[in-house]
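Q: I would like a close look at a single part of this protein, namely its largest pocket. Please describe what lines the pocket, and then set it in the context of the rest of the chain.

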Amino acid sequence: MLFSRLPAAGHLASVAFRGRSYWQVLTRVAPVAGGIHGAFALLFEGMGASRLALGNLAFTALWGVIYGLLRGRHNRLAVLLVWVAIPGHSLLATLVLGWDSGFHYYVLLMVPVMFVSPGRQNSTRVLLGALLAVFYVALDISARGTVPLEPIASGALDWVRFFNMASTFFVLG
């Protein structure tokens with residue numbers, strides 16, 4: 001039944017509930033994501049990496065816009081911006097700080113969210129999942145084959161990676 005196009009009789013109510021729950025969860029996650037970026041802005045400013053701090057402030061603002069769009073029920077635009085924000089930030093941060101920074105973990109958060117999102121056909125979900133997998137592998141290959149654009153001290157990089165790990169688990173929980 002995974003790839004059937006029509007829900008079984010009696011299943012429509014659970015699909016509607018899943019849709020409401022999905023948007024409620026996404027609305028709750030947006031300020032958390034903004035807060036994580038705000039924390040990174042403080043962390044990077046404290047390390048003397050002002051450009052990285054400013055970049056995170058920009059993403060904090062973007063998550064504020066996403067939250068406002070979700071509250072105003074402009075869900076399609078909000079989801080489009082989520083699809084820009086998460087892979088975009090992961091790409092930029094990984095190229096700037098390197099694979100060992102752990103910013104790639106956030107891309108993995110998109111997989112479960114994508115598969116429970118309402119209103120998409122399963123074939124679309126599979127296609128988006130495949131595109132996300134290609135992006136992730138390409139990010140891995142490119143990041144491992146290049147020197148970070150703005151390397152930071154090894155100990156600081158460890159803290160950034162630990163923070164990303166903890167944030168990923170926090171968002172999943």
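A: What follows starts with the overall fold, turns to the pocket, and then moves outwards to the core, the helices and the loops.

The model is a predicted one, and its protein chain holds six helices and zero strands, so that, read from the N terminus, the order of elements is α-α-α-α-α-α. Of the 173 residues in the protein chain, 37% are buried. Among contacts between residues at least 6 apart in sequence, 68% join residues at least 24 apart.

The largest pocket encloses about 670 Å³ of space, and 30 residues line it, of which Leu26, Val29, Leu109, Val113 and Val171 are the closest to its centre. Four helices, α1 (12–46), α3 (75–97), α4 and α6 (154–172), each supply at least two residues of the lining, and α1 gives the most, with ten residues. In its chemical character the lining divides into 23 nonpolar, five polar and two charged residues.

One of the residues closest to the pocket centre, Val113, is found in helix α4, which covers residues 105–116. Val113 counts as partly exposed because its relative accessibility is 34%, a value that lies between the limits of 20% for buried and 50% for exposed. The C-alpha atom of Val113 is separated by 8.2 Å from that of Tyr22, although the two residues are 91 residues apart along the chain.

Beside the pocket, the largest nonpolar core deserves a description of its own. This core has 36 residues, and those that touch the most other members are Phe40, Phe44, Trp63, Ile66, Leu97, Phe103 and Tyr106. Each of α1, α2, α3, α4, α5 and α6 supplies at least two residues of this core, with the largest share, nine residues, coming from α3. Trp63, one of the core residues with the most contacts to other members, touches Ala30, Ala33, Gly34, His37, Val82, Ala85 and Ile86 when residues up to four places away in sequence are not counted.

Helix α3 also holds Ser90, which counts as buried because its relative accessibility is 1%. Apart from its neighbours within four places in sequence, Ser90 is in contact with Phe103, His104, Tyr106, Val107 and Leu139; of these, Phe103 and Tyr106 are among the core residues that touch the most other members, while Leu139 is one of the buried residues of α5.

Two of the helices can be checked against the expected rise. Helix α2 (residues 50–71) has 22 residues, which at 1.5 Å a residue should span 32 Å, and its end C-alpha atoms are 31 Å apart, in agreement with that expectation. Helix α5 (residues 122–144) has 23 residues and should span 33 Å, which agrees with the 33 Å between its end C-alpha atoms. The buried residues in α2 are Leu52, Ala53, Asn56, Phe59, Trp63, Ile66, Leu69 and Leu70, and those in α5 are Asn122, Arg125, Leu128, Gly129, Leu132, Tyr136, Leu139 and Ala143. An α-helix has 3.6 residues a turn, so residues three or four places apart point the same way.

The loops complete the picture. Arg73 follows α2 and lies in the loop between α2 and α3, where it is exposed, with a relative accessible area of 73%. Arg73 has a positive phi of about 60 degrees although it is not a glycine. Most residues other than glycine have a negative phi.

In the loop between α3 and α4 is Asp100, which counts as partly exposed because its relative accessibility is 46%. Asp100 and Asp158 are 58 residues apart along the chain, yet their C-alpha atoms are separated by 7.9 Å. Leaving aside its neighbours within four places in sequence, Asp100 is in contact with Leu157 and Arg161.

Ile152, placed in the loop between α5 and α6, counts as buried because its relative accessibility is 19%, and the cut-off for buried is under 20%. From C-alpha to C-alpha, Ile152 and Ser101 are 9.6 Å apart in space and 51 residues apart in sequence. With neighbours within four places in sequence left aside, the contacts of Ile152 are Met47, Leu97, Leu157 and Val160. Leu157 is thus in contact with Ile152 and also with Asp100.

Terms used: Residues numbered from 1 in each chain as written. Predicted model: local features only at pLDDT ≥ 70, side-chain atom pairs only at ≥ 80, totals over all residues. Heavy atoms only, no water. Expected span 1.5 Å × (residues − 1). Buried < 20%, exposed > 50% of the residue type's maximum accessible area, 1.4 Å probe, protein only. 1 Å grid on protein atoms, 1.4 Å probe; cavity = no way out; pocket = protein on both sides within 12 Å on 5 of 7 lines; lining within 4 Å. Points joined across faces, edges and corners; volume = space filled by probe spheres on them. Nonpolar A, V, L, I, M, F, W, Y, C, P; charged D, E, K, R; others polar. Core = buried A, V, L, I, M, F, W, Y, C linked by side-chain atoms within 4.5 Å. Contact = heavy atoms within 4.5 Å.
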